[in-house]
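Please open the model in your viewer and keep the sequence panel beside it. The tour below suggests what to select at each stop and then says what is there.

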Amino acid sequence: MNAAATTHQHTNCLRCGRRLTSTKSCATGYGPTCTRKVKAAAKAEIIATYKPHQIAKAEELIEQGALIPLRSGIYLAPSADGERTYKAHRTACSCPAGIKGLHPCKHRIAAHILSLAA
């Protein structure tokens with residue numbers, strides 16, 4: 001992933017909206033409690049639904065703070081090269097892989113993980 005796509009600094013948690021104080025939390029966009037909840041949600045339901053390599057890519061997006069919530073389960077997600085953004089929801093994504101619909105894309109899986117943690 002392009003460094004330009006992951007350098008956005010957050011001042012509030014993307015999940016709960018609380019103010020972030022640590023450098024790591026500001027970089028990822030999630031406080032420590034929300035990070036734990038997001039990871040627990042991923043393990044609880046997602047593992048049975050998706051393949052391990054798909055989950056790993058989605059978790060990487062979440063850890064980088066790459067998904068920005070827009071409204072009601074819809075997230076803004078960057079392309080791998082950082083040139084474009086896509087709208088992702090747990091059921092669909094506007095990226096090329098999401099439009100083809102053969103397999104769930106990493107943006108869609110990440111949105112699914114985040115929606116479960118909300």
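Begin by selecting Leu-61, which counts as buried because its relative accessibility is 2%, under the 20% that sets the limit for a buried residue. This is a predicted model, and every stop on the tour should be read with that in mind. Leu-61 has its place in helix α3, so colouring that helix, which runs over residues 52-63, will show the setting of this residue. Now add Ala-110 to the selection and draw a distance between the two C-alpha atoms: the residues are 49 positions apart along the chain, and these atoms are separated by 7.0 Å.

**The whole chain**

Next, show the whole chain as a cartoon and follow it from the N terminus, where you will pass elements in the order α-α-α-β-β-β-β-α-α. In total, the secondary structure comes to five helices and four strands. The radius of gyration is 13 Å, close to the 13 Å that the globule rule gives for 118 residues, so the chain is as compact as a globular protein of that length. If you turn the C-alpha trace to look along its principal axes, it spans about 40 × 35 × 25 Å. Of the 118 residues in the chain, 35% are buried. Among the contacts with a separation of 6 or more, 43% join residues that are 24 or more positions apart.

**The nonpolar core**

Which residues touch the most other members of the largest nonpolar core? Select Tyr-30, Ile-62, Leu-67, Ile-113 and Leu-114, which hold that place in a core of 29 residues. To see where the core draws its members from, colour α2, α3, β2 (74-78), β3 (85-89) and α5 (106-117), each of which supplies at least two residues. The largest share, six residues, comes from α5. As a general background to this stop, nonpolar side chains in soluble globular proteins tend to be buried together.

**The largest pocket**

Now switch to a surface view and look for the largest pocket, which holds about 230 Å³ of space. Its lining is made of 14 residues, and those nearest the centre are Lys-24, Thr-28, Thr-35, Lys-39 and Glu-63. The elements giving two or more residues to this lining are α1 (23-28), α2 (32-49) and α3 (52-63), and the one that gives the most is α2, with five residues. Colouring the lining by class will show six nonpolar, four polar and four charged residues.

Stay at the pocket and select Glu-63, which lies in helix α3. Is Glu-63 buried or partly exposed? With a relative accessibility of 45%, Glu-63 counts as partly exposed. Setting aside neighbours within four places in sequence, Glu-63 is in contact with Thr-28 and Lys-39, and both of these residues are also among those nearest the centre of the pocket. For a longer reach, draw a line from the C-alpha atom of Glu-63 to that of Leu-14, which is 49 residues away along the chain, and the separation is 12 Å.

**Helix α2 and the loop before it**

Move to Lys-37, which is found in helix α2. Lys-37 counts as partly exposed, with 41% relative accessibility. When neighbours within four places in sequence are left aside, Lys-37 is in contact with Arg-15 and Ala-117. Measured off in your viewer from C-alpha to C-alpha, Lys-37 and Ile-113 should be 9.9 Å apart, although their positions lie 76 residues apart in sequence.Then select Gly-31, in the loop between α1 and α2. Gly-31 counts as buried, at 9% relative accessibility. Not counting residues up to four places away in sequence, Gly-31 touches Cys-13, Leu-20 and Ser-25. From C-alpha to C-alpha, Gly-31 and Leu-70 are 19 Å apart in space, and they are 39 residues apart in sequence.

**A loop between strands**

For the last stop, select Ser-72, in the loop between β1 (68-71) and β2. Ser-72 is exposed, with a relative accessible area of 72%. What is the phi of Ser-72? The angle is positive, about 30°, although Ser-72 is not a glycine. Most residues other than glycine have a negative phi.

Notes:
Residues are numbered from 1 along each chain as its sequence is written. This is a predicted model: local features need pLDDT of at least 70, side-chain atom pairs count only at pLDDT 80 or more; totals for chains, interfaces and linings use all residues. Side-chain values use heavy atoms; hydrogens and water are left out. On a 1 Å grid over the protein atoms alone, a cavity is a set of points where a 1.4 Å probe fits but cannot get out, and a pocket is an open set with protein on both sides within 12 Å along at least five of seven lines; lining residues have an atom within 4 Å of a point. Grid points are joined across faces, edges and corners, and a volume is the space filled by probe spheres set on the points. Ala, Val, Leu, Ile, Met, Phe, Trp, Tyr, Cys and Pro count as nonpolar, Asp, Glu, Lys and Arg as charged, and the others, Gly among them, as polar. A nonpolar core is a set of buried Ala, Val, Leu, Ile, Met, Phe, Trp, Tyr and Cys residues joined through side-chain atoms within 4.5 Å. Buried means under 20% relative accessible area, exposed over 50%, partly exposed in between (1.4 Å probe, protein chains only). The radius of gyration is taken over C-alpha atoms; the globule rule is 2.2 Å times the number of residues to the power 0.38. Contact means heavy atoms within 4.5 Å.
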